[in-house]
Structures are given as structure tokens and as C-alpha cells.
Amino acid sequence: MAPIIRDQPASQGRRLNDTERYLRDAKHAAAGEEFGPKYDFGGMANVISGDWRGAVMEMAALEAAYGGDGQVYGHWSISLREGERWTPATAPVAVEIFLRHHGLDGPQALWNVHKDTDNKHIHIMMSRIRPEPGPDGKYEIAYEGGSVVNPTSGHTYSHESGHAAEAEIRHRQGWAREAKASYDMIDGVIVKAQYAQKQAEKE
């Protein structure tokens, strides 16, 4: 079945230290172990470091360079149906699609797969800070961006971009379509599901 993408509640963390500890299940890790039993496998995106601790330090450094207010991090999950599973081949592709649909230019991110429920799921912690400073040398939060844009206001919607990402993940990885899917991918283009249904009826 199709993957389900959710914006995790604020209670599950928006601060770097809290959320990255949740992702690697540090609370349940044995003495001397970095990852707890919930953790299956994971990775990082748009960081130089090849290890988790180094990536966290890079993200902390960018946050310090930004030095402002605002929601710095987003915490999302991509969940599969019971009996299905993410693999080291499919999970990184799903993460790449998700980040791209949120329109951020190479956002720093940490991600991993949790195996503590019947529904195997990816957790993604994504920095909203633009990785490069602006012309004035200052870093800023990238509120704008995303693949779904309101043509009237020009505003983008992270939830809608998540649904659009689901359509591409489903299309590229061969997951079955949910009846209530908001978007579909046709000929490499993301379209509203209603439009896709009308096209199918015509054909």
C-alpha cells in the first residue's frame, strides 16, 4: 500500500538535541551504545560528515550561525503498511524525494528507520535554515519553498508538499495507491488526484 507521510507533533521534538536523540532511540540504548533497539538503519543528507555525531555538530553549527528565532527543524515520518518494510535501497530514495518536494536547497537532514511498530517508518529531521547565507552574509529560515504553491497568494504548503512527495515515492517505488490519495504522478508530473481520475476516465 501507499506510504503515509505525517508531520510529527511538536511533543516529539523540534530542538536538535531532543529530536536526534529520539531518532536514534538514545533513551533505550544500552550503556556505551549510541543507538537503541528501535533503530534499524539510517543516514544523513547534505552534510560533510559521514557519521551521526559529526552530522549533529554540523547542524548545530549552522543553527548557531543563523542565531535567530523561528521553527528551525521539522520532524516528519513516512510510514508503510503492516508487513511492508523499508530497505537500505528504498529508504534513502524516499528521503531524497521528500526533501526535494519541500523545495529547500539541499537542507541538512538526519533520518532513520524505526522498527518498533508493525508499520515500519522513516523519521526525518530536516533543518529549515538555508545552507548558504544571503547577499548580506546572514542565514535565514526557508519558510518559502515547496512543490505545491497557491497560485493566488504564492504561499507554499508543507503538508501538501508531503502529499505530493508521497505520489512520487509511490510511483517510483511501486507502492499501491490509496483511494484517498491527494496527488498522482502522470508522465513525470505531479497532478491533483481529481485530474488524474478524469484523465483515466477519458483514456
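Two strands count as paired here if DSSP finds at least two bridges between them.

**View 1. His75 and its opposite number in a predicted model.** Keep in mind throughout that this model is predicted. In this close-up, His75 sits across from Met125, a residue of β5. Strand β3, residues 73-79, and strand β5, residues 121-127, run antiparallel to one another, and seven bridges link the pair.

**View 2. The whole sheet, edge to edge.** Step back a little and you get an open sheet built from five strands, with antiparallel pairing and the order β1-β3-β5-β4-β2. At the edges are β1 (4-7) and β2 (39-45), each with a pairing on one side only. Going from one strand to the next, the twist averages 20°.

**View 3. Helices against the sheet.** Here's where the helices come in. Helix α2, residues 52-66, packs on the sheet and touches β2, β3, β4 (109-114) and β5. The direction of α2 makes about 140° with that of β4. Helix α3, residues 90-101, lies across β1, β2, β3, β4 and β5, and α3 runs at about 40° to β5.

**View 4. Ile78 and the largest nonpolar core.** This core has 22 residues, and the ones touching the most other members are Ile78, Trp86, Ile122 and Ile124. Two or more residues come from each of β2, β3, α3, β4, β5 and α4 (158-173). The top contributor is α3, which gives six residues. Zoom in on Ile78 and, leaving out residues up to four places away in sequence, you'll find it touching a list of residues that includes Pro3, Ile4, Ile5, Trp86, Ala94 and Phe98. Also among the contacts of Ile78 are Lys120, His121, Ile122, Ile124 and Ile169. There's a second, separate core too, with 15 residues, among them Leu23, Leu62, Val72 and Ile141.

**View 5. Val72, tucked into a loop.** Look for Val72 in the loop between α2 and β3. Why does Val72 count as buried? Because its relative accessible area is 9%, and the cut-off for buried is under 20%. Setting aside neighbours within four places in sequence, Val72 is in contact with Glu63, Tyr66, Met126, Ser127, Arg128, Ile129 and Ile141. Val72 and Ala142 are 70 residues apart in sequence, yet their C-alpha atoms are 9.1 Å apart in space. As a rule, nonpolar side chains in soluble globular proteins tend to be buried together.

Definitions and conventions:
Residues are numbered from 1 along each chain as its sequence is written. This is a predicted model: local features need pLDDT of at least 70, side-chain atom pairs count only at pLDDT 80 or more; totals for chains, interfaces and linings use all residues. Side-chain values use heavy atoms; hydrogens and water are left out. Helices (H or I, at least four residues) and strands (E, at least two) are DSSP runs, numbered from the N terminus. Axes are lines fitted to C-alpha atoms, for helices over the stretch in contact, and angles run from 0 to 180 degrees between N-to-C directions. Contact means heavy atoms within 4.5 Å. Buried means under 20% relative accessible area, exposed over 50%, partly exposed in between (1.4 Å probe, protein chains only). A nonpolar core is a set of buried Ala, Val, Leu, Ile, Met, Phe, Trp, Tyr and Cys residues joined through side-chain atoms within 4.5 Å.
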